[in-house]
Structure formats: C-alpha cells, structure tokens
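Work through the exercises below with the sequence and the model open side by side. Try each task before reading its solution.

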Amino acid sequence: MKSADETAIAILAWLADEPELLSRFLALTGTDPGSLRNAIGEPGFMGGLIAFLMDHEPTLMAFCAATQTRPEEVVRAHHLLSGGSDFEDS
C-alpha cells in the first residue's frame, strides 16, 4: 500500500499525462505550472490534489484503472492528508 504522499504524487504524475484535467486542476487551485514543484510536499496542496480527484468519480476511477490503485487507497490518503478524525482503518 502506498503512503498518502506517494498516492498524491502518483495522482500528479497521472494528471501530467492528462492535459485537460491538469489545466482544470491548476485553474481551480490558482496554481501555475511553475509553482507545482514548490507545492509538492505541502500537506494542503497534496490534500487538495486528492480532493480534486475524489470530487469527480469518473476521474477517480480513470486514475485507479490507469495506475492499478484501489479507490480505498485514495480515500485513505485523502483522509490522512486532510486531517480527518473519523477514519477507521479496517
């Protein structure tokens, strides 16, 4: 199982190959391509990256299919990076 950071980085790498989705993510977050390198590793950015994916189920499922990642891993990473307290690791 990937760590939450590894999952977020995998999402970013996947988005890099999906120009329309990457453009949408950048527009929604107000991040420009030049700022991405500095933002990587910041919990808020990483959590936002995962939230972007989770906000649209078809995009989430496309990522999971392309990267052989279980949706539960994405949910777990989102929870860890967003600081939720109601997560139960089953």
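Helices (H or I, at least four residues) and strands (E, at least two) are DSSP runs, numbered from the N terminus. This is a predicted model, in which local features need pLDDT of at least 70, side-chain atom pairs count only at pLDDT 80 or more, and totals for chains, interfaces and linings use all residues. Residues are numbered from 1 along each chain as its sequence is written, and side-chain values use heavy atoms, with hydrogens and water left out.

**Exercise 1. Overall fold**

Task: State how many helices and strands the protein has, and its pattern along the sequence.

Solution. Start with the count: six helices and zero strands. Then read along the sequence: the pattern is α-α-α-α-α-α.

**Exercise 2. Dimensions and surface**

Task: Compare the radius of gyration of the protein with the value for a compact globule.

Solution. Take the radius of gyration over C-alpha atoms; the globule rule is 2.2 Å times the number of residues to the power 0.38. For 90 residues, a compact globule would come out near 12 Å. The protein has 12 Å, so the two agree. Next, fit a box along the principal axes: the C-alpha atoms fill roughly 40 × 25 × 20 Å.

Now turn to the surface. Accessible areas come from the Shrake-Rupley method with a 1.4 Å probe; for residues, only the protein chains shown count as cover. The accessible surface is about 5,500 Å². Carbon and sulfur atoms hold 52% of that surface.

Buried means under 20% relative accessible area, exposed over 50%, and partly exposed in between (1.4 Å probe, protein chains only). Of the 90 residues, 34% are buried.

Finish with contacts, meaning heavy atoms within 4.5 Å. Consider the contacts with a separation of 6 or more: 62% of them join residues 24 or more positions apart.

**Exercise 3. A helix pair**

Task: Describe how H4 packs against H6, giving the angle and the distance between axes.

Solution. Locate the helices: H4 covers residues 43–54 and H6 covers residues 71–82. Axes are lines fitted to C-alpha atoms, for helices over the stretch in contact, and angles run from 0 to 180 degrees between N-to-C directions. Here the angle is about 145° and the axes lie 9 Å apart.

List the residues that meet. H4 supplies Pro-43, Met-46, Gly-47, Ile-50, Ala-51, Leu-53 and Met-54. H6 supplies Val-74, Val-75, Ala-77, His-78 and Leu-81. By class, the contact has 10 nonpolar, two polar and no charged residues. For these classes, Ala, Val, Leu, Ile, Met, Phe, Trp, Tyr, Cys and Pro count as nonpolar, Asp, Glu, Lys and Arg as charged, and the others, Gly among them, as polar.

**Exercise 4. Residues in helices**

Task: Is Thr-59 buried or exposed? Repeat for Glu-73, Leu-36 and Arg-24.

Solution. Thr-59 lies in helix H5. Its relative accessible area is 8%, so Thr-59 is buried. Setting aside residues up to four places away in sequence, Thr-59 touches Trp-14, Leu-21 and Leu-53.

Glu-73 belongs to helix H6. At 12% relative accessible area, Glu-73 is buried. Beyond its neighbours within four places in sequence, Glu-73 contacts Met-1, Lys-2 and Thr-7.

Leu-36 sits in helix H3 (residues 36–39). A relative accessible area of 13% makes Leu-36 buried. Not counting residues up to four places away in sequence, Leu-36 touches Leu-12, Leu-26, Thr-31 and Phe-45.

Arg-24 is in helix H2. At 49% relative accessibility, Arg-24 counts as partly exposed. Check a distance too: Arg-24 and Phe-52 are 28 residues apart in sequence, and their C-alpha atoms are 9.5 Å apart.

**Exercise 5. Residues in loops**

Task: Place Gln-68 and Gly-34, then classify the exposure of Gln-68 and Gly-34.

Solution. Gln-68 is in the loop between helix H5 (57–67) and H6. Its relative accessible area is 66%, so Gln-68 is exposed. Check the backbone: phi of Gln-68 is near 50°, a positive value in a residue other than glycine.

Gly-34 is in the loop between helix H2 (19–29) and H3. At 60% relative accessibility, Gly-34 is exposed. From Gly-34 to Gly-83 is 49 residues along the chain and 27 Å between C-alpha atoms.
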